[in-house]
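Colleague: I have some short questions about this model. Let us go through them in turn.

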Amino acid sequence: MESPDSPYASSPEAPPKRSSPRKSQPPDYTEKNTYIRFLASNAEAGSVIGKGGSTITDFQSQSGARIQLSRNHECFPGTSDRIIMVSGTVDEILKAMELILAKLLNEFYIEDGDGVDPRSKVRLIAPNSSCGGIIGKGGATIKSFIEDSQAGIKISPQDNNFIGLNDRLVTLTGTLEELMRAIELILLKLVEDPHYAQSFSVPFSYAAAYNAMNFGPNGAGGKFPNNKEDRSNSVTIGVADEHIGIVVGRGGRNLMEISQVSGARIKVSDRGDFMSGTSDRKVTITGSQRAIRVAEAMISHKVASTSER
């Protein structure tokens with residue numbers, strides 16, 4: 001645990017140190033809503049939520065940002081860690097991240113008694129399409145971020161074991177101040193990328209899909225088998241007419257994503273063609289039993305996220 005006089009202790013007398021002063025940015029970058037995602041163990045997620053949701057409510061109130069967590073069983077593929085998404089303006093996100101990281105550093109950092117500022121690790125989630133911008137030509141951008149923030153920054157290679165996974169992990173190591181500066185630099189780079197904003201509405205889409213799979217005893221994500229399976233199975237489920245739009249997505253984008261990730265073929269009935277005795281549209285899923293399970297999980301997740309909002 002941290003000593004009471006630590007600059008990172010959570011107390012009114014000793015607020016967390018702010019990162020280096022913000023460099024001026026174009027107003028449209030900092031004022032539009034965006035998001036950042038990172039991994040947290042179950043214990044860390046519990047700390048962020050707090051007793052009866054008290055901590056997450058307090059952090060949202062202080063920062064103005066929205067903080068969402070994937071469910072217990074919804075982990076990032078290949079890990080047993082949950083996903084935390086913080087959304088709002090750049091300033092709101094940075095304030096929320098500082099509150100969250102200061103608390104986690106306080107509770108999970110083991111003091112080694114050498115008197116130096118504690119160093120911690122944060123794993124951000126970034127789309128493959130945005131990683132090139134973070135790395136820069138010949139690695140120039142990531143080198144400048146490391147020099148500016150003094151944090152360690154490493155980007156994981158793309159994991160081809162997970163079909164449809166288009167995200168990579170950006171691991172940051174450093175003191176709270178160094179982490180916050182690195183997060184600021186990376187977030188401002190992500191905001192510049194028009195493709196980054198497009199995945200804003202589906203922060204945990206793969207979490208439900210991949211965790212519908214069988215998991216190993218240690219909670220590590222199961223990998224999709226490459227063997228061909230019987231594809232003659234077919235299941236028809238009902239989706240309320242008012243929710244069919246979120247399942248299909250603009251221009252059929254969500255349906256295409258579900259089909260690509262699951263490997264199933266999906267057909268939605270025409271308007272007015274309902275399940276017998278209901279006002280639910282027919283969604284027919286065809287493929288292997290595994291593919292059907294994954295597709296059903298993704299569809300249920302999209303419908304549930306709409307219902308929650």
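Colleague: Which backbone nitrogen lies 3.1 Å from a polar atom of the side chain of serine 149?
Modeller: This is a predicted model, where local features need pLDDT of at least 70, side-chain atom pairs count only at pLDDT 80 or more, and totals for chains, interfaces and linings use all residues. Residues are numbered from 1 along each chain as its sequence is written, and side-chain values use heavy atoms, with hydrogens and water left out. A polar contact is a pair of N or O atoms within 3.5 Å; within protein, one must be able to donate a hydrogen and the other to accept it, and residues adjacent in sequence count only if both atoms are side-chain atoms. The nitrogen at 3.1 Å from the serine 149 side chain is that of alanine 151.

Colleague: Which residue has its backbone oxygen 2.7 Å from a polar atom of the serine 149 side chain?
Modeller: Serine 149 is found in helix H6, residues 140-149. Helices (H or I, at least four residues) and strands (E, at least two) are DSSP runs, numbered from the N terminus. The oxygen at 2.7 Å belongs to phenylalanine 145.

Colleague: Is serine 149 buried or exposed?
Modeller: Buried means under 20% relative accessible area, exposed over 50%, partly exposed in between (1.4 Å probe, protein chains only). Serine 149 has a relative accessible area of 4%, so it is buried.

Colleague: At what angle do the axes of H6 and H7 cross?
Modeller: Contact means heavy atoms within 4.5 Å. Serine 149 touches Glu178, Arg181, Ala182 and Leu185, not counting residues up to four places away in sequence. Axes are lines fitted to C-alpha atoms, for helices over the stretch in contact, and angles run from 0 to 180 degrees between N-to-C directions. The axes of H6 and H7 (residues 176-192) come within 9 Å, and they cross at roughly 150°.

Colleague: Which strand pairs with S1 over seven bridges?
Modeller: Two strands pair if DSSP finds at least two bridges between them. With S4 (residues 120-127), S1 pairs in the antiparallel sense over two bridges. There, phenylalanine 38 stands opposite leucine 124. The antiparallel partner over seven bridges is S3.

Colleague: Why is S1 largely enclosed by the rest of the structure?
Modeller: Both faces are covered, with Thr34, Ile36, Phe38 and Ala40 buried on one side and Tyr35, Arg37 and Leu39 on the other. S1 is largely enclosed because its buried residues number seven of seven.
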